[in-house]
Amino acid sequence: MKKGIIFACIGLVIIICGVPITNKTFFHNYYVVENQKGQEAKITALRFSFYGGEPEKHTAVFYRLGNQEEMQNKINQYVEGLTSCYDDAAFCDTDQDVTIYSYQVSNGFFIHKITLVYDTIDLKDQENATGVDIQILKVAGKKISLQPGDVYTANVWKEQVVSSLNGKSYWEIAVTGRGIATGSTVDKVISAYQIKSNYALWNVTLSGKTNADTTTETRKYVTDQFDDTGVQKATLVIAYYKSEGQWIPLTYKEIEQYQAFLSGKSQTKPYDGIILFQFEFPFSGYSGLVEDKTLAGYSVDYGRDD
């Protein structure tokens, strides 16, 4: 009987001590992730915080005893030491190629929940990379730098190919400065413009009971997540504004706001001089002329400052 109690106590001690030892962060002041280059990166974490897993991709949860304000202050010191990008919308570790979007301590009774939202890229690289090629088109063998007020439209939805810049027709489809034209795949477009979660939206047309019975909806772009059930066609929308010579991508909410401005539903726009890209893709055999998820049409609209 005594031996059984002793063994039970030993087992309990092993469990109590062993769980923190094997936990990813309890005895460490960092959380290990792998960046998109396949390299190990260590995001600063509070020692004695218990790693609770990732309920969503790139969202890590930890639990810890202590003073909420003190814990948040320590985390803020770490984040403030990183490189700010996109007007403080994110903070980049340029040495390890990771980005922090949010790092918050929630108030709890004894144990506080810590939520880390991150990305495995250095978003500062993307910010710095958005140069003049954003406003470039190559058409009929010539390179054109779009100016405020310019609008280009291309599509191969119908038998007659359309390629038009400010009402002037061309005999061939233009190629964007990032190498995109009709026929490009969804993945190629996303890669060319380095589109990330929360920096684009989908305008989706869904099929109904009959071909004429369709519905439309707007979805936030999330990396590697798109439910194409019942989708006839989908338009991927991205936009940029210029700040200190750099083209900065608009967030999902800012694109929504700008589209509301263009449609007359709102009197305000997030920025002046926005350049808007709309990439149209067919799904479920919607177009017999173009393969599924292959670019069938696109437009570039460089808005004026007024």
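Two residues are in contact when they have heavy atoms within 4.5 Å of each other. Keep that in mind as you tour this model, which is predicted.

**Stop 1: the whole chain**

Show the protein chain as a cartoon. You will find five helices and 20 strands among its 306 residues. Buried residues make up 43% of the chain. Now think about contacts with a separation of 6 or more: residues 24 or more positions apart account for 57% of these in the protein chain.

**Stop 2: helix H2**

Next, select residues 68-80, which form helix H2. Does the length fit the residue count, and what should you expect? With 13 residues at 1.5 Å a residue, H2 should span 18 Å, and its end C-alpha atoms are 18 Å apart, so the two agree.

Colour Met71, Gln72, Ile75, Tyr78 and Val79, the buried residues of H2. They lie on the same side of H2, because they cover an arc of only 120° around the axis. There is a general pattern to remember here: an α-helix has 3.6 residues a turn, so residues three or four places apart point the same way.

Give another colour to Glu69, Glu70, Lys74, Gln77 and Glu80. These are exposed residues, on the face of H2 turned away from its buried side.

What covers the buried residues of H2? Show strand S2 (40-44), strand S4 (59-65), strand S6 (90-93), strand S7 (98-106) and strand S8, which are among the parts that do so.

**Stop 3: the largest pocket**

Stay with strand S8 (111-119) and add helix H4 (186-192): each supplies at least two residues to the lining of the largest pocket. About 680 Å³ of space lies in this pocket. To find its centre, select Tyr101, Asp119, Ser197, Val222 and Thr223, the closest to the centre of the 27 residues that line the pocket.

Which kinds of residue make up the lining of the largest pocket? They divide into nine nonpolar, 11 polar and seven charged residues.

**Stop 4: Thr182**

Finally, zoom in on Thr182, in the loop between strand S14 (175-176) and H4. Is Thr182 buried, exposed or partly exposed? Its relative accessibility is 22%, so Thr182 counts as partly exposed.

Now add Leu295. Thr182 and Leu295 are 113 residues apart in sequence, yet 4.8 Å apart in space, C-alpha to C-alpha. Leaving aside neighbours within four places in sequence, you can show the residues in contact with Thr182: Val156, Ile173, Leu295, Ala296, Gly297 and Tyr298.

Key. Residues are numbered from 1 along each chain as its sequence is written. This is a predicted model: local features need pLDDT of at least 70, side-chain atom pairs count only at pLDDT 80 or more; totals for chains, interfaces and linings use all residues. Side-chain values use heavy atoms; hydrogens and water are left out. On a 1 Å grid over the protein atoms alone, a cavity is a set of points where a 1.4 Å probe fits but cannot get out, and a pocket is an open set with protein on both sides within 12 Å along at least five of seven lines; lining residues have an atom within 4 Å of a point. Grid points are joined across faces, edges and corners, and a volume is the space filled by probe spheres set on the points. Helices (H or I, at least four residues) and strands (E, at least two) are DSSP runs, numbered from the N terminus. Ala, Val, Leu, Ile, Met, Phe, Trp, Tyr, Cys and Pro count as nonpolar, Asp, Glu, Lys and Arg as charged, and the others, Gly among them, as polar. The expected span of a helix is 1.5 Å times one less than its number of residues. Buried means under 20% relative accessible area, exposed over 50%, partly exposed in between (1.4 Å probe, protein chains only). The arc is that of the directions from the helix axis to the C-beta atoms.
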